[in-house]
Amino acid sequence: MTRTIVVTGTDTDVGKTVFAAALTAALGATYWKPVQAGPGSGTDAGDGDTVRRLGVTRVLPEAYRLATPCSPHRAAAIDGVTIDPDRLALPAVAGTLVVEGAGGVLVPLSDWLLYADLFARWRAPVVLVARTALGTINHSLLSIEALRTRGVPILGVAFSGDAQEDSEATICRIGAVRRLGRLARLTTLDADALARAFAAGFATEDFA
Ligand SMILES: Nc1ncnc2c1ncn2[C@@H]1O[C@H](COP(=O)(O)OP(=O)(O)OP(=O)(O)O)[C@@H](O)[C@H]1O
Ligand SMILES: [Mg+2]
């Protein structure tokens with residue numbers, strides 16, 4: 001039976017892929033990015049390539065690879081494609097599947113379907129990746145509300161960035177969510193450094 005953990009975030013570029021890579025590697029899991037819109041940052045061809053570079057060995061192909069780096073609903077329209085939620089059913093794998101969304105929880109996949117609605121269909125626990133930087137309390141609490149409104153189970157918040165004790169505690173207190181840990185900002189981002197940072201910031205058993 002496949003166990004699934006969904007990695008979402010408060011925004012684009014908050015560190016979902018880096019966190020998902022660390023989590024997938026730590027659990028010996030399989031990574032899946034169902035919808036990739038445009039190439040990834042830097043020289044990467046997408047988040048799947050990034051997680052491979054960061055030590056993940058099992059990466060499933062995307063259900064949709066879209067050309068334009070923008071919201072999936074728009075990227076799909078530009079490519080003349082309609083994203084069919086039935087093609088986004090969770091694949092069965094041996095062990096754990098780590099699934100990464102795109103952008104934040106209310107990013108549209110089509111005219112009416114939002115990522116948070118898809119998460120609700122999947123019924124899998126979600127990790128919210130949140131920055132520690134200024135603005136994160138508002139973004140995190142809004143994201144938590146949107147997930148709760150749809151009955152999406154929240155495993156907890158994974159912070160990304162330099163320690164901001166008050167912001168992290170405030171989000172977890174008011175949002176009534178678990179603080180899973182924090183991934184420090186790394187100057188050298190490679191598989192070894194990431195594995196060490198994940199081990200220092202998180203307890204793997206919290207995801208088991
Ligand atoms: N802990 C970290 N240390 C150093 N750099 C990081 C860390 N986390 C993220 N980054 C960098 O920040 C940028 C955004 O991170 P990432 O690609 O993980 O964001 P994302 O939330 O997955 O974005 P998207 O919405 O495009 O999928 C990347 O250039 C990544 O290398
Ligand atoms: Mg990403």
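Trainee: Which protein atoms are the donors of the magnesium ion (ligand 2), and how far from it do they lie?

Mentor: Thr17 (OG1), Asp47 (OD) and Glu100 (OE), lying 2.0 to 2.2 Å from the ion. Bear in mind that this is a predicted model, in which local features need pLDDT of at least 70, side-chain atom pairs count only at pLDDT 80 or more, and totals for chains, interfaces and linings use all residues. As for bookkeeping, residues are numbered from 1 along each chain as its sequence is written, chains are lettered from A and ligands numbered from 1 in the order in which they are written, and side-chain values use heavy atoms, with hydrogens and water left out.

Trainee: What makes those atoms donors of the magnesium ion?

Mentor: A donor is an N, O or S atom within 2.8 Å of the metal (3.2 Å for Na, K and Ca), and sites may look incomplete as water is not among the atoms. Set 2.0 to 2.2 Å against that cut-off and the three protein atoms qualify. Along the chain, the donors follow the spacing T-x29-D-x52-E. Thr17 sits in helix H1 and Glu100 in strand E6 (residues 96-100), so this pair ties together parts that are 83 residues apart in sequence.

Trainee: Why are Thr17 and Glu100 called buried?

Mentor: Buried means under 20% relative accessible area, exposed means over 50%, and partly exposed is in between (1.4 Å probe, protein chains only). Thr17 comes in at 11%, so buried it is. Glu100 has 2%, so the label holds there too. Thr50, part of helix H2 (residues 47-53), also counts as buried, at 8%. The C-alpha atoms of Thr50 and Thr17 are 7.4 Å apart, though 33 residues separate the two along the chain.

Trainee: How do you know that the length of helix H1 (residues 16-27) agrees with what it should span?

Mentor: Helices (H or I, at least four residues) and strands (E, at least two) are DSSP runs, numbered from the N terminus. The expected span of a helix is 1.5 Å times one less than its number of residues. With 12 residues, H1 should span 16 Å, and its end C-alpha atoms are 16 Å apart, so the two agree. Buried residues of H1 include Lys16, Phe19 and Leu23. Just after H1, Gly28 has a positive phi of about 60 degrees.

Trainee: What makes Lys16 a polar contact of ligand 1?

Mentor: A polar contact is a pair of N or O atoms within 3.5 Å; within protein, one must be able to donate a hydrogen and the other to accept it, and residues adjacent in sequence count only if both atoms are side-chain atoms. A side-chain N or O atom of Lys16 is 2.8 Å from an oxygen atom of ligand 1, which passes. Thr12 passes as well, with a polar side-chain atom 2.8 Å from a ligand 1 oxygen. For Glu100 the distance is 3.1 Å, again inside the limit.

Trainee: How do you know that E7 and E8 pair?

Mentor: Two strands pair if DSSP finds at least two bridges between them. Strand E7 (residues 126-131) and strand E8 have 6, in the parallel sense, so they qualify. Within that pairing, Arg131 stands opposite Ser160, and Ala130 has Phe159 as its bridge partner. E8 also pairs with strand E9 (residues 179-183) in the parallel sense, over 4 bridges, with Ser160 opposite Leu183.

Trainee: Why are E4 and E9 said to stand at the edges?

Mentor: The open sheet of 7 strands runs E4-E2-E6-E1-E7-E8-E9, with parallel pairing. Strand E4 (58-59) and E9 each have a single partner strand, so one side of each lacks a neighbour in the sheet. E7, by contrast, is largely enclosed by the rest of the structure, because 5 of its 6 residues are buried.
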